[in-house]
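Q: Please give a close reading of one part of this structure, beginning with a single residue and moving outward to the helices around it.

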Amino acid sequence: MSDISVAALVEEKANSKGAGTVAPAWHTFLVLLVLAGWAYRGFYRAEHMQLTADANRVALYGQTIVGQWILFGLVYFGVWLHRASGPAQSVLLGKSWHSWNDFWTDCKAAALFWLASTTVLVIVGLASGSGAGTSRVSFLFPHGALEMVMWTLLATTAGICEEAIFRGYLQRQLLAWTRSVPAAITTTALAFSAMHAYQGWKMAVSIGLLGAMLGVLAHWRGTVRPGMMAHAWQDTIAGLLSSLAKH
């Protein structure tokens, strides 16, 4: 058999399995359906807790942590099931660390991104008045030492799971479908914004902008690891500063 014939067979096999995609199409639609349900539940839960005099935030944080890891597991399963783009961990997280230098390079990228994105979001918040929207979800912020510890665990979980789900999985899948980096980043950012829409539309716009910036970072770096760090720092610091400001 000629080299041309072998190459043709390899290409045909790749196309039949969905070249460039990270999971079966049905799985992605299932994930989007679950995310839509999560967003709806967020609306319902936010409305309910705003009317509750003494919200049980520890239970809420714990349930959210478990829920995010379950969703991460669902995404991981779909990538593992597909097996067309390589090991599931490499697909979701991107290029690995092979040395301390790789680790520190991503740390520096995360720190610079966090500073830049925070500056952008503060400017946008002041211009649009979205900063006032934090009062809508102020009941979510921690009170006391135990809640601050749980909040830190929640923020770390969100950084890991949401970046793997949105930038590691969904953005790459949409890139394979659309063959357009801007379309993949924008659509993923809109989905990320919709999942946080319970915080109000102004905050959702800011979160969508953050999602777009995280999408650019993930595409540029070829990994979601810096985004995971920056995302976790952003959520942790926002919650802890809000808690400290009340005392």
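A: **A residue of α6 and the packing of its helix**

Glu163 is located in helix α6. In this predicted model, Glu163 has a relative accessible area of 1% and is therefore buried, the limit for that class being under 20%. The side chain of Glu163 makes a polar contact with the side chain of Arg167, at 2.6 Å. When neighbours within four places in sequence are set aside, the residues in contact with Glu163 are Ala158, Gly168, Leu214, Val224, Gly227, Met228 and His231.

The helix itself comes next. Helix α6 covers residues 144–178, and its axis comes within 8 Å of that of α7, the two crossing at roughly 140 degrees. Angles over 145 degrees would count as roughly antiparallel and 65 to 115 as roughly perpendicular, so α6 is oblique to α7. The crossing of α6 past α7 is right-handed. On the α6 side, the contact involves Glu162, Phe166, Arg167, Leu170, Gln171, Leu174, Leu175 and Thr178. These meet Val181, Ala183, Ala184, Ile185, Thr187, Thr188, Ala191, Phe192 and Met195 of α7. By character, the residues of this contact comprise 11 nonpolar, four polar and two charged. Arg167, the polar partner of Glu163, is among the α6 residues that meet α7.

From α7 the description passes to α8. Helix α7 spans residues 181–195 and helix α8 residues 201–221; they pack at an angle of about 140 degrees, with 8 Å between their axes. These two helices are therefore also oblique to each other, and their crossing is right-handed. From α7, the contact draws on Val181, Ile185, Ala189, Phe192 and Ser193. From α8, it draws on Ala204, Val205, Ile207, Gly208, Gly211, Ala212, Gly215, Val216 and His219. Nine of the residues in the contact of α7 with α8 are nonpolar, five are polar and none is charged. Val181, Ile185 and Phe192 of α7 take part in the contact with α6 and also in that with α8.

A second buried residue may be set beside Glu163. Arg45 belongs to helix α2, residues 25–50. Its relative accessible area is 18%, so Arg45 is buried, given the limit of under 20%. Apart from neighbours within four places in sequence, Arg45 is in contact with Leu60 and Thr64. Arg45 and Leu60 are separated by 15 residues in sequence and by 9.6 Å in space, from C-alpha to C-alpha.

Terms used. Residues are numbered from 1 along each chain as its sequence is written. This is a predicted model: local features need pLDDT of at least 70, side-chain atom pairs count only at pLDDT 80 or more; totals for chains, interfaces and linings use all residues. Side-chain values use heavy atoms; hydrogens and water are left out. Axes are lines fitted to C-alpha atoms, for helices over the stretch in contact, and angles run from 0 to 180 degrees between N-to-C directions. Helices (H or I, at least four residues) and strands (E, at least two) are DSSP runs, numbered from the N terminus. Angles under 35 degrees count as roughly parallel, over 145 as roughly antiparallel, 65 to 115 as roughly perpendicular and the rest as oblique. A crossing is left-handed if the near helix is turned anticlockwise from the far one by less than a right angle, and right-handed if clockwise. Contact means heavy atoms within 4.5 Å. Ala, Val, Leu, Ile, Met, Phe, Trp, Tyr, Cys and Pro count as nonpolar, Asp, Glu, Lys and Arg as charged, and the others, Gly among them, as polar. Buried means under 20% relative accessible area, exposed over 50%, partly exposed in between (1.4 Å probe, protein chains only). A polar contact is a pair of N or O atoms within 3.5 Å; within protein, one must be able to donate a hydrogen and the other to accept it, and residues adjacent in sequence count only if both atoms are side-chain atoms.
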